[in-house]
Amino acid sequence: MTPLQDALHPAGIQAAHIAGLWWFTVAICAVVFVAILAGLFYALVRAPRGDAATPPDMASMERPERATKRTVVTAVALSIVGLLALLGASIATDRALATLPLANAVHIEVIGHQWWWQVNYDDPVPARTFSTANEMHIPVGRPVVVSLKADDVIHSFWVPNLHGKKDAIPGRTNTIQLQADKPGTYRGQCAEFCGLQHAFMAFTVVAEDDARFQQWADAQRKPAPEPTDAKARRGHDLFMSGTCMMCHQIQGTTANARKGPDLTHVASRPTLAAGTLANDAQSLAAWIRDPQKLKPGVNMPAHHVPDDELDALVAYLETLK
Amino acid sequence: MSTRAALVLVAALALAACDREERKLSHESTPAPLTPATQKVGELQPGMQGPGLEETKTTRSFDAGNAWEMAQGERLFGWYNCAGCHGRSGGGGMGPALSDERWLYGSDPDSIFKTILEGRPNGMPSFKGRIPEDQVWQIVAYVRSMSGLAATNAAPSRSDSTGGLVPPENERPTAQPYTKPEPKP
């Protein structure tokens, strides 16, 4: 499974800007908090000027209180300075985020669906574009421009280790620019409530060096391999003659529907059902049989198929590396 | 009885009438092979039996009053590309319109179910083994709602989702990332 997401351990320049702003805000707020508590304690422990018997000192009603006035003016001035510092830091962070140099950027289109992520890799040569799901590989040290779209309702794209959130809204295209400077695997998550399974709408971002990224992309561009053994062959035939191919696509076969995730290289992905399950044969079988048990409300219907057909189907899908 | 007590009683009765519509996410069904043993072909005429044709059994009790099933049917109408021939919202095209009151093969749920599963002459393909039967029932519910045959308290006044189709005039231009302007020489 993928590691936990963590905005305080930035793996890229964008997240580092945001983390810097966060620590700056925490520092200022901590100073303010300590100062206020110190003032409060000072007021509490200060020796009382009289006891219960002493009559109230009404004279102070008329006398100007210079010390109090000085304290209030100082506190207001300090607050203004502190707030202005926060405002300045926020603007500077925004500017830094918006001015990431985008030369030689990788362009990726991410479409939010209920409840999974479609990831399309763009390329000037149409035959070199490819599509995957719930998994994104990016090269380390190169800027990535992600265009965000939504198919049904509003989703929000969030990889805390790499950048802040950005909404994916039906009918408009947003962009977010990020860059990973440290190789690693980072978890992303939908950050806008989008229905029953919002919590199970995660994805994985793998940042790796350029050579390995190209190698992965080339493997993803290849059509699905022909099944060799008889069992996988039967699974292939079942896939093509049944309900599977009505929604899913497997490049290089007759399955060309684009409503569910592209399964061309499904066995190479770390998770199933947008981070819901580990990707192994057992989970895959359970998922095909009754997805509603594992992720209630998901758009994939249950398939109460006989055991031997399920085995064959899983055997076939496991060959799609 | 005081007025207040009467009001409380009325409110309690009104609350008792509140009932959240049930969403049956998982339908119990017996194992069905992915590939049907024989490919069924539609009857040439309603009611006519041909050689080698097996009657499609319509087993599920039809819940005509469930708004959620109808909305699912609307989604599937797009997903399975019914709209490709019958038009978005059933206006017709290559295939006959579904939003009018003319029914070639019957408007009752069982007949529509059969039409989808078995296909009909002159172009309607058979979706047997291609669409799970529970989903066919949902499509049936939606198809009936298009010509006003659904219960008015269940038929939604607006669609659940944009279905990924926002009218082009409502599309917003792509937000372009900021790039530093080239310095003028």
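Two strands count as paired if DSSP finds at least two bridges between them. I wrote that down before looking at any sheet contacts in this predicted model.

**Entry: strands β1 and β2.** I looked up strand β1, residues 106–113 of chain A, and strand β2, residues 116–121 of chain A. They pair in the antiparallel sense over 6 bridges, so the cut-off of at least two bridges is met. I then checked how the chain passes from one strand to the other. β1(A) and β2(A) form a hairpin, with 2 residues between them. For one facing position I noted A:Ile111, which stands opposite A:Gln118 in β2(A).

**Entry: strand β3.** I went on to strand β3, residues 130–133 of chain A, and found that it pairs with β2(A) in the antiparallel sense over 4 bridges. A:Gln118 came up again here, standing opposite A:Ala133 in β3(A).

**Entry: the whole chain.** I counted the elements next: chain A has 7 helices and 12 strands. Is chain A spread out or compact next to the globule rule? Its radius of gyration is 28 Å, while the rule gives 20 Å for 321 residues, so I noted chain A as more spread out than a compact globule. I also took down the span of the C-alpha trace along its principal axes, about 100 × 50 × 35 Å.

**Entry: burial and contacts.** Of the 321 residues in chain A, 34% are buried. I looked last at contacts in chain A with a separation of 6 or more, and 65% of these join residues 24 or more positions apart.

Technical notes:
Residues numbered from 1 in each chain as written. Chains lettered and ligands numbered in written order. Predicted model: local features only at pLDDT ≥ 70, side-chain atom pairs only at ≥ 80, totals over all residues. Rg over C-alpha atoms; globule rule 2.2 N^0.38 Å. Buried ≥ 20, exposed ≤ 12 C-beta atoms within 10 Å, placed from the backbone. Contact = placed C-beta atoms within 7 Å.
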